[in-house]
Structure formats: C-alpha cells, structure tokens
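This report introduces a protein chain to a reader who has not met it before. It proceeds from strand pairing to helix packing, and then to the domains and some local backbone features.

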Amino acid sequence: MEQIVQQIEAYKQEIAAFQPKNAEELEQYRIRFLGTKGLVKSLFGEMKNVPNEQKKEFGQVLNAFKVLAESRYEAFQQLKDEAAGATGQLDLTLPGEPHRLGTRHPISLVRNKAIRIFERLGFTIAEGPEIENDWHNFTALNLAENHPARDMQDTFYVHNNPDWLLRTHTSSVQVRAMEEGKLPIRIICPGRVYRNETISARAHCFFHQIEGLYIAENVSFADLKQTLYYFVQEFFGENFKVRFRPSFFPFTEPSAEMDISCLICGGEGCNVCKHTGWVEILGCGMVHPQVLENCGIDSGKYTGFAFGMGIERLTMLKYQIKDLRLFSENDARFLKQFQGTV
Ligand SMILES: [Zn+2]
C-alpha cells in the first residue's frame, strides 16, 4: 500500500503544477485523471487489494486525491467558460433554461386523496378559523376547565380571559357546524392544528388533521365502522387487517381507536409498529349526547358519529417516511420525490 500512496503523492504534485495552455491540454488532463479509464478510477480499483485494516485510511487518501483532481479541473473549466463569455460569443444552439415545475406537497396529496374518498360518500368540506375561543375548542366538547384531557392538548394562547388560542384540533369546526343547526350534518374538516409539543421525528408544534362528523336520525356505530372500513380500503388498498380498540375521548361515547396491521412488516413486527404488528391511524366514536345538547341539537332525536386522524401520520404510513420534520423543512430533494405522484 505504501507504494501506491507514494505514487498518489507524485500525482498530486503533478496536479498542483498543472497549467493548461489551451482547451486540448485541459481535455487531456481530464482523460488522464478523471476519464472512465483514468487514474482516479483505476486507483479506486486498487481498493480490493488493500488489507481490511488499512481500507479506511486508504479510502480517505483516495477521496482526498479525487476531490483535488476534480476541483483543479473545475477551476480551469470555469476560467475557460468565463473567457468564452468575455469574448461575447452568443451560442444560439445552446439549450434553453428549463422551466422547473413545482410538485404537490405530500401532505396536500394525501389530504386531497382523503377528501375525494369521503366526497364519494356524500361528505362536504367545512372550514373554520385557526384562532379559536375556549368554548369552540374545549368547553363545548366536554373538555371543561381543569379537565385532565386538556393537558394532552396544550396549545398557544393568543389572549387569556377570555381565552383565545390556536385550535388544537379541527373539532372546533364541527362545533360551529352543529351550532348552525342545519341537520342532517355530513362534513369533513381538513385543516392545520397546533399543540405545544417539543419538535421531534414524531411530533411537531403544528400538524394537519382531517375530521369527520355525521349527524342524523338513527345513525349507529355500524354506520361509523362501515364508513371507516370503506375509507381505509380505498386509501391503503386491501392487503391488511383492521381492528377497533375501546378508547376514551370526552366528546364521544363509546369511543374507539382504529388500527391497521402494519404495512411495513405485514404484521410481523418492526420498528414502525413498535413490534406489535399494528399501527393506530385514527380516533372515533359516537358523538356524546352532552356535546349535541351543548350545540343546541336534540340528543333524544338525533345521533351521530365523529372521527379524526392526522394527515402527517397517514402520509408517513403511505410513503414510509420516518421523520415528521421533513414535511416542513422545504428541502427540494425531499419534495421532488413526489413529482410523479398525482
Ligand atoms: Zn411493523
């Protein structure tokens, strides 16, 4: 190996002394060092003959050599280009600057897909303000002041007493729709929500939800299950299992969480499903009669169901993305991967 390293040193000196007089000399340099049969390539080929314990060191020497050879070439290439530019030659045969088309954000892709599925079931879109008051975000939904469930939805307060805050869920839009009182109600509420959370791979201080609400006479838990079965099948395809787990939310009774068998490991167990084989995708339940009454709806006559899910969660599962922060970093290398997706 020492012999090769010495040889590389000699090449480095040659590169340092290199001063091309014209374009041909620069091209000869490129062929000698960087061409497909050039020295850089052939030296990398020597790697297999180096003993294992020296591979790391040799690799570093090689990489440094490669960077040097390339940067020297690029520097002269640039000088050459500038010289050509300075002579004022206008080459009309050069291709034009391509128009770069943007791509849809994966969150938008998934939100639109979910909306299209629910629209087929007759749901319409409802929207509401992101700055909400305490009543619409908490109290009307059975989250009384000092209710422990409020701790899980700590948010950013714009104003205290009376409280104005950044909404923690889009359920506030449901409250507004119920207060309007035009029954039956069959809406989905997609939108941005906020929580006072430490930013990590799995949590952010803002994210997106899509919630649904259906209120009419004789709406039952069977309707809820069938609606959600239909949604997940349309959304994820058919090769997975679904289960409902009993849960608690102050605004629904009974309440459940819906899991699907892990799409990554097929239910065998992996990091994404924390080795359970199941991934939670949404919360749901029958609207609590007290919530209906709070919003002026006769709970003796009407029943309804509600559900809510995080769009980031759906997107991460669908595209197997492991870090939530990627969605808001505006990294073009990440976003352009969704170019061909409609
Ligand atoms: Zn898994």
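Two strands are said to pair if DSSP finds at least two bridges between them. The model discussed here is predicted. In it, Ile125 stands opposite Ile188 in strand 5. This contact belongs to the pairing of strand 1 with strand 5, which run parallel and are joined by two bridges.

**The seven-stranded sheet**

Strand 1 and strand 5 belong to an open sheet of seven strands in the order 1-5-6-10-9-8-7, and the pairing in this sheet is mixed. Its edges are formed by strand 1 (124-125) and strand 7, each of which pairs on one side only. Helix 5 packs on the sheet and touches strand 1, strand 5 and strand 6, its direction making about 5° with that of strand 6. Helix 7 also lies across part of the sheet, over strand 5, strand 6 and strand 10 (303-310), and runs at about 145° to strand 5.

At the strand 7 edge, a hairpin of two residues connects strand 7 to strand 8. These strands, residues 242-249 and residues 252-261, run antiparallel and are joined by seven bridges. Within this pairing, Phe249 has Thr252 of strand 8 as its bridge partner.

**The three-stranded sheet**

A second open sheet contains three strands in the order 2-4-3, paired in the antiparallel sense. Strand 2 (131-133) and strand 3 (157-159) are the edge strands, each pairing on one side only. From one strand to the next, the twist averages 35°. Three bridges connect strand 2 with strand 4 (residues 164-166) in an antiparallel pairing, and Ile131 stands opposite Leu166 of strand 4.

**Helix 5 and helix 10**

How are two packed helices described? The angle between their axes and the distance between the axes serve this purpose. For helix 5 (residues 106-120) and helix 10 (residues 311-319), the angle is about 100° and the axes are 9 Å apart. Angles of 65 to 115 degrees count as roughly perpendicular, and helix 5 and helix 10 are therefore roughly perpendicular to each other. Helix 5 contributes Pro106, Ile107, Val110 and Arg111 to the contact, where they meet Ile311, Glu312, Leu314, Thr315, Lys318 and Tyr319 of helix 10. By class, this contact has six nonpolar, one polar and three charged residues.

**Domains and annotation**

The domain assignment divides the chain into domain 1 (2-86) and domain 2 (106-338). The C-alpha centres of domain 1 and domain 2 are 57 Å apart. An unreviewed UniProt entry places the feature "domain: Aminoacyl-transfer RNA synthetases class-II family profile" at residues 116-317. That span, residues 116-317, is 24% helix and 34% strand, and its end C-alpha atoms lie 19 Å apart.

**Local backbone features**

Most residues other than glycine have a negative phi, and most peptide bonds are trans. Against that background, the model contains two cis peptide bonds, listed below.

| Cis peptide bond | Omega |
|---|---|
| Leu183 to Pro184 | about -5° |
| Glu253 to Pro254 | near -5° |

Where does Pro184 have its place? Pro184 is in the loop between helix 7 (171-180) and strand 5 (185-194), whereas Pro254 lies in strand 8. A further feature concerns Asn218, a residue other than glycine, whose phi is positive, near 60°. Asn218 is placed in the loop between strand 6 (206-216) and helix 8 (221-236).

Note on methods
Residues numbered from 1 in each chain as written. Predicted model: local features only at pLDDT ≥ 70, side-chain atom pairs only at ≥ 80, totals over all residues. UniProt positions renumbered as here; feature names shortened; annotations may be inferred. Helix = DSSP H or I, 4+ residues; strand = E, 2+ residues; numbered from the N terminus. Axes fitted to C-alpha atoms, helices over the stretch in contact; angles between N-to-C directions. Parallel < 35°, antiparallel > 145°, perpendicular 65-115°, else oblique. Contact = placed C-beta atoms within 7 Å. Nonpolar A, V, L, I, M, F, W, Y, C, P; charged D, E, K, R; others polar. Domains from an automatic or database assignment.
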